[in-house]
Amino acid sequence: MRVILGLLLGLAVAQPALAGAWAREKGQVFLSFGSSLMLPDGSKTLTSEDPSVYIEYGLTGRLTVGLDYHRDDPGSQHTGFVFARFPLGNPTQRDKFAASFALGGRVDDLSLIDPLIQGGLSWGRGLDNGWLAVDASATRSSTDPTFRPKVDLTWGSNLKDDWTSLVQLQIGRGLDDTTYTKIQPAIIYNVNDTARISLGSTKALSDDSESTLKLDLWLTF
């Protein structure tokens, strides 16, 4: 149990864990996986992506590659991407910018595969005691010419005694062509230099009024 908890506690105090503007160091691996602890009956995909796996690897000092996968609640669709991300401008400046490109697919409950393409831009700024980030992307499928945008606005704050708080606002366009908005606050505890655990909540501000709790494991090595 202590090993599991240790693994579950890992990566947001030193720098943003999932903020795309920061490149991974060469040879560094970041791994995140999690699942919802509570799912209300009848909740929609706007509130939950369950389970999820996210991997980043610093291929070079300026190129980060990775994998992003999740299964949409209630499990009828699986979506995955392989991606590459690289910094724009001077990576040593306070305001950091990056661009990303991803190829992937969505599999429905009939095992039909819909190829996907995605492009993204990120901005981030380190603060005296935290960070701010904006990650924007647009996804297009081979069967639908519509680009579906998504924007994540993140504010992270380093608290004392190895604790970090994080609030993220997500706005995007769903598969049903409606705009969704949801907020995701989380508290993160740092166990050591390798592992942290994130306990968060997802609250839909449009369409779905239910909330979920989610536990995530973050590892850096």
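Visitor: How many aromatic pairs does a search of the whole structure find?
Guide: Keep in mind that this is a predicted model. Searching the whole structure, you get this many aromatic pairs: three.

Visitor: Trp163 and Tyr189 form an aromatic pair; is it stacked, edge-to-face or tilted?
Guide: The ring centres of Trp163 and Tyr189 are 4.7 Å apart, with 50 degrees between the planes. Stacked needs planes under 30 degrees apart and edge-to-face needs over 60, with the rest counted as tilted. So at 50 degrees, the Trp163 and Tyr189 pair is tilted.

Visitor: How many residues apart are Trp163 and Tyr189?
Guide: Trp163 is in strand β9 (residues 163-173), while Tyr189 belongs to strand β10. Their pair links distant parts of the chain, and the separation is 26 residues.

Visitor: Is Ile187 buried, exposed or partly exposed?
Guide: You'll find Ile187 in strand β10, which spans residues 179-190. Its relative accessible area is 32%. Buried would mean under 20% and exposed over 50%, so Ile187 comes out as partly exposed.

Visitor: What accessible area does the nonpolar surface patch have together?
Guide: Trp163, Tyr189 and Ile187 are among its members, along with Leu37, Leu159, Val191, Leu199 and Leu213. Trp163 is partly exposed at 36% relative accessible area, and Tyr189 is too at 30%. Together, the patch residues have about 640 Å².

Visitor: Which residue in the loop between β8 and β9 is exposed, with a relative accessible area of 58%?
Guide: Asp161 and Asp162 both have positive phi without being glycine, about 60 degrees for Asp161 and near 70 degrees for Asp162. Asp162 lies in that loop, but its 37% makes it partly exposed. The exposed one, at 58%, is Asp161.

Methods: Residues numbered from 1 in each chain as written. Predicted model: local features only at pLDDT ≥ 70, side-chain atom pairs only at ≥ 80, totals over all residues. Heavy atoms only, no water. Patch = residues over 30% accessible without salt bridge, like charges linked within 9 Å, V, L, I, M, F, W, Y side chains within 5 Å. Areas by Shrake-Rupley, 256 points an atom, 1.4 Å probe, with all protein chains shown as cover. Salt bridge = Lys/Arg side-chain N within 4 Å of Asp/Glu carboxyl O. Helix = DSSP H or I, 4+ residues; strand = E, 2+ residues; numbered from the N terminus. Buried < 20%, exposed > 50% of the residue type's maximum accessible area, 1.4 Å probe, protein only. Phe/Tyr/Trp six-rings, centres within 6.5 Å; stacked < 30°, edge-to-face > 60°.
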